[in-house]
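Here's a quick tour of one structure, starting at a chain-chain contact and ending at a sheet with its helices. Have your viewer open as you go.

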Amino acid sequence: MIRFALNGVMVAVEAPPTERLSLMLRERLGKVGTKVGCDAGDCGACTVLLDGAAVCACLTPAARVEGRAVTTVEGETPELTLLRASFHAHGAAQCGICTPGMLLAAAELLTRNARPSETEVEQALGGVLCRCTGYRSIIAAVVAAGEGAWPEAPVSGAVGAAIPRVDGAAKVAGDRFGADDWPEGALVVRAVRSPHPHAVFAIGDLTAFRARPGVVAVFTAADIPGRNAFSVIPPFADQPAIAASPARFQGECVALVAFEPDAEPDLTGFPISWTPVPALSTPEEAEAGDLLHPNRPGNLLIEGRVVKGDATAALAGSAHVVEGAMTTAFVEHAYIEPEAGSAWMEGETLAIRACTQAPGMDREDTAAILGLPLDRVRIIPSATGGGFGSKLDISLQPLIGLVTLKTGRPSRMVYSRHESMTSTTKRHPAEMRGRIGCDSQGRITGMEFEGRFNTGAYSSWGPTVANRVPVHVSGPYLTPHITAKARAIHTHGPVSGAFRGFGVPQGALWQETLYDRLAEKAGIDRLEFRLRNALCDGDASATGQVLQATGIHDCLLALQPHWTRALAEAKGQRGRGVGVASCWYGCGNTALPNPSTIRIGLSPAGEVVLHQGATDIGQGSNTVIAQIAAEALGLPLAAFRLVGPDTGLTPDAGKTSASRQTFVTGRAAKAAAEGLRAEILRRANAGEGAVLSLEGATLSVCDRGASTRIDLAALPTDTRGHVLSAEASYDPPTAPLDANGQGSPYAVYGYGAQVVELEVDKALGTVRLVKITAAHDLGRAINPMLARGQIEGGIAQGIGMALMEEYLPGRTENLHDYLIPTFGDVPPIESLLIEVPDPEGPYGAKGLGEHVLIPTAPAILNAIRHATGAEITRVPALPHRLLDALGGLP
Amino acid sequence: MNSGLSVPDYARPQSMTEALRLLAECGWRVLAGGTDLYPGAGTRLTGPVLDLGGLALSRIETGEGLRIGGATPWAAIAEADLPLACRALQQAARQVGGRQVQVAGTIGGNLCNASPAADGVPPLLALEAEVELVSVAGRRRLALRDFLLGPRRTALKPGEILAAVVIPEAALAGRSTFVKLGARSHLVISIAMVAARLVVEGGQVRGASVAVGSCSPVAVRLPAVEAALAGASVAEAVDRVTAADVQAALSPIDDVRATADYRRVAAVELVRRAVAEALA
C-alpha cells in the first residue's frame, strides 16, 4: 500500500512499486488530467509536482511517492489558479494536451521565482513540448501570471472579438482526450505490428495464445466482416484495417489481441513468423520495382497536372530563367496525444469515442470495414490532442470497433508513442525540380515544374497532394504559362497523408527559393519582385480561375516597413540574413463537394443550442463557429450551449481539414442562425432590424420601439427538445478541373507572406531565429486571438520542417531522435492580420490554419541564403547540411 | 487494468550495507533517478529492481576535493555552490533533458548508463573525476576514463554500486566551460559537446583539460590540445588549438543527428569556443 498526499488529500493505493506514477494516477486513482505523451521523459506532458518539484510522472516509480506530496492538474494551488486564468486569457492552450504539464512546470517556477522573465520561463518550461501554440502565448501567459495582470477579455462574443475559447476552461483543467474515458470493464486492445517495411508473414496456431490467462480474443484479417480496404478517398480504397500477408510498411497492423482489463497486455510470444522481402524505399526504386498494388503500374498512385499556355516557349523567350531542385523529408505530425479511444455497444449501435478530425468519415469507413449499415455506427470525438492532418485517417476506430462488435464487450486502446509514429501518416517527402522565367521588368513569364512525392504504402491523401501541388505551385503570382506535374508514387514507406498544407508547403520551398534567385537575376528587391507579380482581383490563376478578394498584395505591402527595417538592421552584421516568402491556399476540397450542415435551436429553458459538428482539434472551431452563429442570430454568445460533435447528435459538418471549417461550416452556421432568426422574426411579426434578447425562458423581440415577448417554455418541443430550430447546409461552389487542370477548384483562397530574420553561425552551420513577421489575409478575423494562435503554431511547424524534422523509418520513432521545435526554437512573432473580405466567406472570412505554415520554411532558407550565399536544396537544413552548403566540410 | 499485483521483485534498502547484501545475492536492475531506466522499459519496468532512493547517496561534500553522492540529481548539482572549475559540470547539469529530468536524473545514473552522448561525462573527464564503487567485497576507486569502456559498457562489476563521484583537490583549480551543440534549444541529444578547464597564472595557461563527447564511443580527453595549450599566453591560447590535434583523438560516426565529417569539424570549433569562454 502506497500512502501519499494527492492534491492535499491523503490517499492509499495498491500498486506495484515500480509502476509509473502516471499509470498509477490515471488507472488506479482516476486522475486522468495527467497526460501521457511518450513514456520516456521526452515530452513533459505528464509533469506533476513531487514535494513541489517538477518531475515526469512517467519516469517516477510509484513507490517513490510514499509519504510525499503529489500535485496534479486536478489540484488547486494559488499558482495553478493564477496560471489557469492567464493561460485561458492568453489563448495559451489550444488542443490542451500539453497544458497540464505546462501548468505544473510553470507552477513550480512561480514558487521558486514569483516574477520570472521570458528567458526564465523558457528555461523552466523547456522540458515540455507543445505542437500547437508555437510557445509564445505560453511564455506570455506565464510572465503575465507572475505579474498578476493581463488585459480583460472582451465582453461581447461578436464576430471580430478576441474572446478566449469557449471550451477553454476544460483545456486548463485537464481536458478529456481519447485515453481519458472508458467504460467499466473495457477490454484492453493491442495490435501486433510489422517490424519490417515489407514482409511475408504467417500467423501460427493461435490455440495456445488464446488460452493464455487474460487473453479474451485474437483477431486477424480473416475476422474483418466487411470490406478490409479503406481510404479517405473511397475510389482509392486500398489499406486494410488489419493486413493479410504481406505487410507493406513498418508498423502495419497484422493482428489484434483483446485482454481482460486486469491482465498484463503482453504480446510476447504471439505466434507469427516473418520473412522480410526487399523493400522499395524511394520513388526512384519504386518506379522500376515490383508493384505494391497490382492495378497501379509503375507504383504510380496518381499524377496531378496543370497545363496552361506554352511554358517551354515562354521560358525560351524570357530575359531571365532560373532552374533548381528541392528535396524534402517525411515529416511526422508529432501531436502530443497518441491515438486513443474506446468502444461500446448501445443496443445495436456500435459507439466509438476517440480522437479524430473527421467523425463523419470515421463513421463511413468503420461501418464499411465492419460490414455495418451507417446508422449502426456512432462516432463521438473525444477532445483531440492535436491532429494536423493525420487524425483525418482512421487509426484505431475499426480495431476497437471490431473487438467490441465481436465480443459484445466494451474495449479501449491507447497507442504508444512508437506505435503512433510508426503506424500513422506522414507528410510526403518530395523531390521537385523545374524552371521559372521572367522578363526584363521582372514579370514572371512561365514555369515548368515536376515533382515526385513518396506516398508510401497506401493511398491516403496522396491524390489530394498530387492535385493540390500543381494548382498551387505558381505561388500567389500571376503566371501566364505553366506546366506543372506531381506524381504520387507508392513505396514501402509509412503512409503519406495529409499534413497541414497537403504538399503545398513542399512546393512553396521549391518555388519561393527559386523566386529569390530570379529576383536577384532581374536585379530587383526580393519583396518588390513578389509585389510586382502578386495576383490581383480579376487575374486568372494557373488553373484559369478568375480570382476575387486576392489579399497577397496587401500582405506584402504590410510587410514592407518590416522588410526595410530588417534589411537595415542586418546590414553589416555577421551572419545576419532576412528572407521573405508568400503563400496562397485554396480552402476546402479541390474541385469536389464538401458540404457542412449546422443545426441551431432554442430550448424551452431559453438556451441557444448549437449542434456544432466541426471537430475542434485545438484550432478553435467551437469558438469561431459559435461566434458566427451568435452574430447572425443576434443573441449573445453567453446564451449558447454547444452540442457535439457526435454523429448521433450533430449533422455532418465535414472534416477539420483543408482550412475549411471557418469558411464552410461558418457559412452553414451563419445560414442556420439566419434561418432561426427569420423564424423568430416571423413569429413576432418583426422586421429585419429587430433586436433580440433572452431573459430566462423569455425571448424578447424589439422592433422600432415595439416589443414582443415569446415565452419559450410555453411552446411545444420537437424530438430534439427544441421549441424553435433551423438547419442549413453550405457547399462551396467549385468547378471540376479538366485534363489540363483548368477550372475553379476552390471558392475561396487565403493569402499570406512572412519575413524571417535570423543569424547563421557559419562555423557550425546552425541557425538562430531572431524574429518572424507574418502577414496573413484571412478575410475577416472572426477571433483575432485564435487567429494569432494559428499563425504562431503554424510558424513553429514551418521552423521544424526547415531546420530539424526528418522522420526516418526504423530510426527516429520517438520524440528524442525525431526533433520538433522546443521553447527557445520559436522567436518572437509579430502577426499582421490582413482583412480582404471574400464575398463567399462568412462575414468575409477565409481559411487560415494551413496557410500559416507554408511561407515559414522557404523564408528561412531565403534568409540563410541572404546571410551566407548558401543555397539549401534539401530540408531539414540540419547543421551538417548547412555547413556543407557553406563549404565548411571536407 | 493492471491491478494484478504479482509479487514485485523490488527492494528499497535503507542502508548501504543492506543494499550491498541484496545486490550480492542476485542480479538487480539498479534504480537511481529512473530517467534512463523507464524510457527503455516498454510498457512497464519489470524487476527485480533495487531502488537506491532510500540511501543517503545525494550529498555534495567538500573537503579533500569534492565528493558528489552517486544519486545526486542534476538539479542539486546545478544549484550547489561549487568552485569555478566545476562550472562546466553545472552548465551541463542544466542541459540534461528538461528540468523534470534534472530533478530526477542522477550523476551516477548518467555514468552507469554510459551513453556516448552523456552530458555529464566531458565535464567530469575535464575534472579528472574518479568513481567510487562499493560492494560487499569493499570499496574501490577508478578513474572515470577507466570506468567507461564503450557505449552502454562500464567497469561496474556485478554487486557494485557507484556510490560517489570524486574530484581530486588538484582538479578543482581553474575555470571551466561546457559547450553543447544540437539541432534544437532544449531536450536535445548532443551532436558534439566540449568541456574545457583551464588554469591560468600570470597571464599564462598553466594547465588545460579538454574533453569531447558524442564524437567517439566514449567521451575523450584531447592530450595533444592540452599539451599545446600548456604554457600559452591567454591571448594566443585559442590559436594553439589545431584541427589536427582535436581530431586526432576522435572517431565519430554518422547518425541521424549529424555526419562524422561534420562532427570532426564542429568539434574543433567547439573546443576553440570552450577554451575562449573558459579564459574569458
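## Where A meets B

In this predicted model, the contact draws on 55 residues of chain A and 42 residues of chain B. On the chain A side, the elements that put in two or more residues are α1 (21-28), β4 (53-56) and α21 (879-885). The largest share there belongs to β4(A), with four residues.

What about the chemistry of that side? Chain A's residues touching chain B split into 31 nonpolar, 13 polar and eleven charged.

## A four-stranded sheet in chain A

Now hop over to an open sheet in chain A, where four strands line up as β25-β24-β23-β29 with mixed pairing. Its edges are β25 (640-643) and β29 (724-730) of chain A, each of which pairs on one side only. On average, neighbouring strands of the sheet are turned by 20° against each other, ignoring direction.

Zoom in on the pair β23 (residues 596-602) and β24 (residues 608-611) of chain A: these strands run antiparallel and are joined by four bridges. One spot to click on is Gly601(A), which sits opposite Val609(A) in β24(A).

## Helices on the sheet

Which strands does helix α17 of chain A touch? Helix α17 (residues 621-633) packs on the sheet against β23, β24 and β25 of chain A, and its direction makes about 135° with that of β25(A).

Helix α18 (residues 661-684) of chain A lies across β23 and β29 of chain A. Relative to β29(A), helix α18 of chain A runs at about 145°.

Notes:
Residues numbered from 1 in each chain as written. Chains lettered and ligands numbered in written order. Predicted model: local features only at pLDDT ≥ 70, side-chain atom pairs only at ≥ 80, totals over all residues. Pairing = 2+ DSSP bridges. Axes fitted to C-alpha atoms, helices over the stretch in contact; angles between N-to-C directions. Contact = placed C-beta atoms within 7 Å. Nonpolar A, V, L, I, M, F, W, Y, C, P; charged D, E, K, R; others polar.
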